[in-house]
Amino acid sequence: MKTLRSDWEGAILVCGKCSRKVDGFGPKKRPLAKMLRKLLGLGKGRRARMGIVETRCLGVCPKRGVVVVDTRRPDGWLVVPEGADVEAVVERLA
Ligand code: FES
């Protein structure tokens, strides 16, 4: 088995299926994962400080919201309502 080095301190899992069901976030109606990556100042791939990963359905399926899991705090999942202020989400995750 091979090990790949990574600089991730944790990962933020964003339900990709929820993301497709809502209109989007911010003035340009972008997907939540993209907005979080931009506002948290994260790059892509293993060299980023933290990973943002779009997942399949996480089994919660809120109406008009997106499920987000911060792997550093796996005991408290977030449901981000459609059109919510992404800055507030970033503050919570930072
Ligand atoms: S569609 Fe996102 S949790 Fe099921």
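**Exercise 1.** In this predicted model, classify Glu82 as buried, partly exposed or exposed, and find its salt-bridge partner.

*Solution.*
Step 1. The relative accessible area of Glu82 is 22%. Buried requires a value under 20%, and exposed a value over 50%. Glu82 is therefore partly exposed.
Step 2. Glu82 pairs with Arg64 in a salt bridge, where the closest N and O atoms lie 3.3 Å apart.
Step 3. This pair links distant parts of the chain, with the two positions 18 residues apart in numbering: Arg64 sits in the loop between strand S2 (51-55) and S3, while Glu82 sits in the loop between strand S4 (78-81) and helix H3 (86-93).
Step 4. Arg64 has a relative accessible area of 58%, so this residue counts as exposed.

**Exercise 2.** Describe the surroundings of Asp70: which strand holds this residue, is Asp70 buried or exposed, and which residues does Asp70 contact beyond its neighbours within four places in sequence?

*Solution.*
Step 1. Asp70 belongs to strand S3, which covers residues 65-70.
Step 2. Its relative accessible area is 4%. The limit for buried is under 20%, so Asp70 is buried.
Step 3. With neighbours within four places in sequence set aside, the contacts of Asp70 are Ala11, Ile12 and Leu93.

**Exercise 3.** Which side chains make a polar contact or a salt bridge with the side chain of Asp70?

*Solution.*
Step 1. A polar contact joins the side chains of Asp70 and Arg72 at 2.7 Å.
Step 2. A salt bridge joins the side chains of Asp70 and Arg73, with an N to O distance of 3.9 Å. The cut-off for a salt bridge is within 4 Å, and the 3.9 Å of this pair meets it.
Step 3. The accessibilities of the salt-bridge partners are as follows: Asp70 is buried at 4%, whereas Arg73 is partly exposed at 38%.

**Exercise 4.** How many salt bridges are counted in the model, and which residues are joined into one network by shared partners?

*Solution.*
Step 1. Side chains of opposite charge can pair when their charged atoms come close.
Step 2. The count is five salt bridges. Among them is the pair Asp70 and Arg73.
Step 3. Salt bridges with shared partners connect Arg5, Asp7 and Arg47 in one network.
Step 4. Within this group, Arg5 bridges to Asp7, and their closest N and O atoms are 2.9 Å apart.
Step 5. Arg5 is exposed at 53% relative accessibility. Asp7 is partly exposed, its relative accessible area being 30%.

Key
Residues are numbered from 1 along each chain as its sequence is written. This is a predicted model: local features need pLDDT of at least 70, side-chain atom pairs count only at pLDDT 80 or more; totals for chains, interfaces and linings use all residues. Side-chain values use heavy atoms; hydrogens and water are left out. Helices (H or I, at least four residues) and strands (E, at least two) are DSSP runs, numbered from the N terminus. Buried means under 20% relative accessible area, exposed over 50%, partly exposed in between (1.4 Å probe, protein chains only). A polar contact is a pair of N or O atoms within 3.5 Å; within protein, one must be able to donate a hydrogen and the other to accept it, and residues adjacent in sequence count only if both atoms are side-chain atoms. Contact means heavy atoms within 4.5 Å.
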